[in-house]
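Hi everyone, and thanks for coming. I'd like to walk you through a protein that may be new to you, so let's put it on the screen.

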Amino acid sequence: MTNASNQFASISDFDDKATELAQTRQHLHAHPELSFAEHETAAFVAERLERWGYEVTRNVGGLGVVGRLSQGSGGRSIAIRADMDALLIEEVPGLPYASRAPGKMHACGHDGHTTMLLGAAEYLARTRHFNGTVNLVFQPAEEAGKGSGAQAMIADGLFERFPCDAIFGLHNHPGAPVGSFLMRAGPLMAASDTVTIKVTGRGGHASRPHLTVDPIVVVANIVMTLQTVVSRNIDPTETAVVTVGTIHGGTAANVIPERAEIAVSVRSFLPRVRDVLEQRIRGVAVSIAQAHGATVDIDYERGYPVVHNTEAETAFATAVVTELVGQDKVSVCPLIPGSEDFSYFLEHKPGCFLRLGNGEDSAILHSPKYDFNDGNLTVGSALWARLAERFLASA
Ligand code: NI
């Protein structure tokens, strides 16, 4: 080894694997499995890792698979995560490798994420240009919400059984050029909370409202006042979203119902903003119900936390992607109001979540027309290989 460009993996090292990687990705695309049901996908991953010489642990937090590979005497260790699950979406037909599972599809590109980590896995096992331990984390049930795959793997002792100094992951990013990276230190993706507000009044005849407590009017007031939660309470240089997604109440025009309810989606990027939102939303619901003589029942469910990238690991990952694809293909990622359960890993370990452009003309995530761009497979495989090699480089 004479210089850095020879020492660490580059995209061209994967050129002769491009066809095989595309076949793998398209196989996974054709056979999507929902959260908590990734049996075939997990077996596919585990079988390959074993073939390449990894120490493989199955059923970590459900159907999670961890492949471990150590080389040399280095004490450092890295974890890299890919998600494996698909979605309950009917794919728009047309692709030769379209979903063969009716009503299910890889509409979020997790087929591509899994394939890129497998690409790196094969390379790292074959070349072994690192000194330390690589932990490849193939996670189920990213899309599951409560009790998702990341939470389940952590609860099953992921970081005790497979210690690591830092963890990295990525998501493809429709709208950005293929092979480009979007990077951001600090908050990247939103915390996502769901609130159900049930208002109980006193039902009666529509013609005699004075004998009732009308929950429809109460809920209508709550919906309008919720519009001020962000605009009047959150610093304008910070951001948050409060969206009332459902409103239900009543069965007939001539009946004042007993109950009405709404469901609210709440997004934020900072823990203290998240706390202010909960406090204000509860306050609005309780006080408006009280003002009208109604009672309220609030179910405030905290979902995925903020994806918060640590400074040092983000700087490191940014250096690696810049070496790999060049400065002109690396940009600052805007805040993303979507959420991602990689956030749970980042609550335990330093790390960085990256975004990889899926093409300017890519359908959006969770669209029935979405397809992961196979032009990214060599880039993503090279990224993970190089990141591991650089993280575990000999002194
Ligand atoms: Ni996704």
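**Two domains and what lies between them**

Let me begin with the interface: about 720 Å² is buried between domain 1 and domain 2, and carbon and sulfur atoms give 67% of that area. In case you wonder about that choice of number, the size of an interface is often given as the accessible area lost when the parts come together. Please keep in mind that what you see is a predicted model.

So where are these domains? The domain assignment puts 5–189 together with 306–391 in domain 1, and 191–302 in domain 2. On the domain 1 side, 10 residues take part in the contact, and on the domain 2 side, 8 residues do. From one C-alpha centre to the other, domain 1 and domain 2 are 39 Å apart.

How many salt bridges cross the interface of domain 1 and domain 2? The rule finds 1. As for residue pairs in polar contact between the two domains, the count is also 1, with both residues at pLDDT 80 or more. If you look at the side of domain 1 that touches domain 2, its residues divide into 7 nonpolar, 2 polar and 1 charged.

Here is a salt bridge to find on your screens: Glu 301 pairs with Lys 146, and their closest N and O atoms are 3.8 Å apart. As a reminder, side chains of opposite charge can pair when their charged atoms come close.

**Salt bridges along the chain**

Now for the wider count: by this rule there are 21 salt bridges. One of them joins Lys 17 to Glu 122, again with 3.8 Å between the closest N and O atoms. This pair links distant parts of the chain, as Lys 17 sits in the loop between α1 (4–7) and α2 (18–30), while Glu 122 belongs to helix α4 (residues 110–127), 105 residues apart.

**Some strands**

Let's turn to β1, residues 55–60, and β2, residues 64–71: they pair antiparallel over 4 bridges. Within that pairing, Glu 55 stands opposite Arg 68, and Val 56 has Gly 67 as its bridge partner. The two strands make a hairpin with 3 residues between them, and in the turn Gly 61 has a positive phi of about 60°.

β2 has another partner as well. Strand β4, residues 132–139, runs antiparallel to β2, and 7 bridges join them. Val 66 faces Val 137 of β4 there.

**Two loop residues to look at**

Just before we finish, two loops. Asn 131 is in the loop between α4 and β4. Which residues does Asn 131 contact, leaving aside neighbours within four places in sequence? They are Gln 71, Gly 72, Ser 73, Gly 74, Leu 392 and Ser 394. With Ser 73 we can be more specific: its backbone nitrogen lies 2.9 Å from a polar atom of the Asn 131 side chain. Asn 131 and Glu 389 are 258 residues apart in sequence, yet their C-alpha atoms are 7.8 Å apart in space.

The other residue is Asp 371, in the loop between β16 (351–357) and α11 (377–391). Its side chain makes a polar contact of 2.5 Å with the side chain of Tyr 97. Not counting residues up to four places away in sequence, Asp 371 touches Arg 25, His 29, Leu 95, Tyr 97 and Asn 358.

That's my tour. Thanks for listening!

Terms used
Residues numbered from 1 in each chain as written. Predicted model: local features only at pLDDT ≥ 70, side-chain atom pairs only at ≥ 80, totals over all residues. Heavy atoms only, no water. Domains from an automatic or database assignment. Contact = heavy atoms within 4.5 Å. Buried area = accessible area lost by both parts, 1.4 Å probe. Salt bridge = Lys/Arg side-chain N within 4 Å of Asp/Glu carboxyl O. Polar contact = N/O pair within 3.5 Å; in protein donor to acceptor, adjacent residues only side chain to side chain. Nonpolar A, V, L, I, M, F, W, Y, C, P; charged D, E, K, R; others polar. Pairing = 2+ DSSP bridges.
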